[in-house]
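Subject: Structure handover

Hi,

Here is the structure for you to take over. Please open it next to this email and follow along. My notes come after it.

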Amino acid sequence: MSRFVTVGETMVSLVPKEQGLLRYGPDFSMRIAGAESNTAIGISRLGHSASFITRTGADGFGEFLIRMVRAEGVDTSGVIVDENHRTGVMFKEMCPGLETAVHYYRDRSAASCLCTGDVDETAIQTADIVHLTGITPLLSKNCRQMVYDIMDMADGGKTLICFDPNIRKKLWKDEEFRPMMKDLISKSSCVMMGLEEGAFLYGIEDVKRLADLLFKGGKLRYLAVKNGAEGAWVCDDKQLSHISPFACRPVDPVGAGDAFNAGFIAGILQREGLEQCGKMGAVAGAMATQTHGDIEGLISAKDLELILNHETCILR
Ligand SMILES: O=C(O)C(=O)C[C@H](O)[C@H](O)CO
């Protein structure tokens with residue numbers, strides 16, 4: 001039984017070794033990417049049990065993904081190897097002065113064939129937290145149904161439903177997605193979203209107004225609103241606090257939101273106070289921006305503790 005369970009797509013991520021346009025043929029290194037597995041690995045690094053459910057192709061890329069996620073201590077026993085579909089792939093493109101661009105090769109991938117039958121209901125109902133993102137329901141109709149069904153499996157029980165809309169405009173092919181995303185948020189007890197995502201979905205840029213609206217539904221227990229290098233806000237039904245950003249040397253923001261989520265959720269699992277959960281998220285998010293891969297900068301429990309206690313790490 002894992003305290004944290006998540007379901008979604010992990011892809012092989014080909015990250016250029018140097019900056020420049022793809023058209024000039026950079027060399028690539030092979031990493032992994034996927035919002036849900038990033039968060040699962042972040043949770044595992046912070047000392048909590050995590051399991052990840054997905055489908056991969058029966059190919060070397062799929063074997064690579066499973067090996068990488070399992071090596072980080074995440075339970076992959078729920079991963080299904082799909083003989084009929086291939087593992088999704090994405091490429092990053094990094095140009096000086098521009099934000100990292102991603103190019104997906106994930107249409108009809110193995111993970112887009114995920115369905116409700118792939119998910120063990122008991123695993124969801126016995127977990128403390130089930131984490132879902134708004135990427136999965138955009139992958140296919142069966143994925144959308146599965147996300148709703150997982151929320152139903154957890155609803156009414158003790159499992160906290162965490163949701164990050166993680167809006168990916170490259171996957172956003174239908175205006176129907178907006179009401180669906182809002183519906184999924186309304187079914188969640190912990191929502192972690194970007195300030196820009198709040199504006200995109202609700203037309204609200206003011207965090208207090210956004211919190212008032214979302215808490216009115218009665219289901220929400222925690223809200224984190226992330227604002228990149230400007231920090232974040234964390235709220236429950238009693239308190240709204242701004243969390244200052246943690247100083248870092250960013251090279252790539254992709255994956256920082258997932259790292260924030262891991263820190264924030266680890267705080268909830270440890271029954272920390274709201275602001276401490278926010279600080280854990282802010283430090284974890286900042287540290288993740290310092291590497292080009294999504295998972296390489298995910299912080300360990302020991303390093304997080306040192307930072308939060310303002311202690312220095314003895315290296316020599
Ligand atoms: O964009 C996606 O679908 C991914 O999950 C890949 C990245 O790892 C993710 O965007 C980081 O949050």
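**Second largest pocket**

The lining of the second largest pocket divides into 5 nonpolar residues, 1 polar residue and 6 charged residues. Please keep in mind that this is a predicted model. The volume of this pocket is about 260 Å³.

Which residues should you select to display the lining? Take R3, D128, I129, K158, L160, R221, Y222, G267, I268, L269, R271 and E272. Helix α8, residues 256–269, supplies the largest share of this lining, with 3 residues.

One of the lining residues, R271, deserves a second look. R271 sits in the loop between α8 and α9, where α9 covers 274–288. The phi angle of R271 is near 55 degrees, which is positive, and R271 is not a glycine. Is R271 buried or exposed? R271 is exposed, because its relative accessible area is 76% and the cut-off for exposed is over 50%.

**The ligand**

How many residues surround the ligand? There are 14, and the closest are Y104, R106, R168, D258 and D294. By class, this shell holds 7 nonpolar, 3 polar and 4 charged residues.

Three polar distances to the ligand are worth displaying:

- D294: an N or O atom of its side chain is 2.3 Å from a ligand oxygen.
- R168: a polar atom of its side chain is 2.8 Å from a ligand oxygen.
- N38: an N or O atom of its side chain is 3.4 Å from a ligand oxygen.

How much of the ligand does the protein cover? On its own, the ligand has 310 Å² of accessible area, and the protein covers 96% of that.

**The cavity**

Next, the enclosed space. Rolling a probe the size of a water molecule over the atoms shows where empty space is left. Searching the whole structure turns up 1 cavity of 30 Å³ or more. The largest cavity holds about 30 Å³ of space.

What lines the largest cavity? The residues are T10, F52, T54, T56, L65, I66, V69, T76 and V79. Helix α2, residues 60–71, gives the most to this lining, with 3 residues. By class, the lining has 5 nonpolar and 4 polar residues, and no charged ones.

T10 is one of these lining residues. T10 lies in the loop between β1 (4–7) and β2 (11–16). Why does T10 count as buried? Its relative accessibility is 2%, and the cut-off for buried is under 20%. In the sequence, T10 and E36 are 26 residues apart, yet 7.6 Å separates their C-alpha atoms.

**Other buried residues**

T6 belongs to strand β1. T6 counts as buried because its relative accessibility is 0%. A polar atom of the T6 side chain lies 2.7 Å from the backbone oxygen of H131.

S140 is in the loop that runs between β9 (129–133) and α4 (141–154). S140 has 14% relative accessibility, so it counts as buried. What does the S140 side chain reach? One of its polar atoms lies 3.1 Å from the backbone nitrogen of C143.

N166 is in the loop between β10 (160–164) and α5 (177–186). The phi angle of N166 is positive, at about 40 degrees, although N166 is not a glycine. N166 counts as buried because its relative accessibility is 7%.

N166 and R271 make a useful pair to view. N166 has a positive phi, and R271 has one too. N166 is buried, whereas R271 is exposed.

**One more exposed loop residue**

Where is E230? It is in the loop between β12 (222–226) and β13 (232–235). E230 is exposed, because its relative accessible area is 53%. E230 and H242 are 12 residues apart in sequence, and their C-alpha atoms are 9.9 Å apart in space.

**Where to start**

Start with the ligand and its contacts from N38, R168 and D294. Go next to the second largest pocket, with R271 in its lining. Then turn to the largest cavity, with T10 in its lining. Finish with T6 and H131, then S140 and C143.

Best wishes

Terms used:
Residues numbered from 1 in each chain as written. Predicted model: local features only at pLDDT ≥ 70, side-chain atom pairs only at ≥ 80, totals over all residues. Heavy atoms only, no water. 1 Å grid on protein atoms, 1.4 Å probe; cavity = no way out; pocket = protein on both sides within 12 Å on 5 of 7 lines; lining within 4 Å. Points joined across faces, edges and corners; volume = space filled by probe spheres on them. Helix = DSSP H or I, 4+ residues; strand = E, 2+ residues; numbered from the N terminus. Nonpolar A, V, L, I, M, F, W, Y, C, P; charged D, E, K, R; others polar. Buried < 20%, exposed > 50% of the residue type's maximum accessible area, 1.4 Å probe, protein only. Polar contact = N/O pair within 3.5 Å; in protein donor to acceptor, adjacent residues only side chain to side chain. Near = heavy atom within 4 Å. Areas by Shrake-Rupley, 256 points an atom, 1.4 Å probe, with all protein chains shown as cover.
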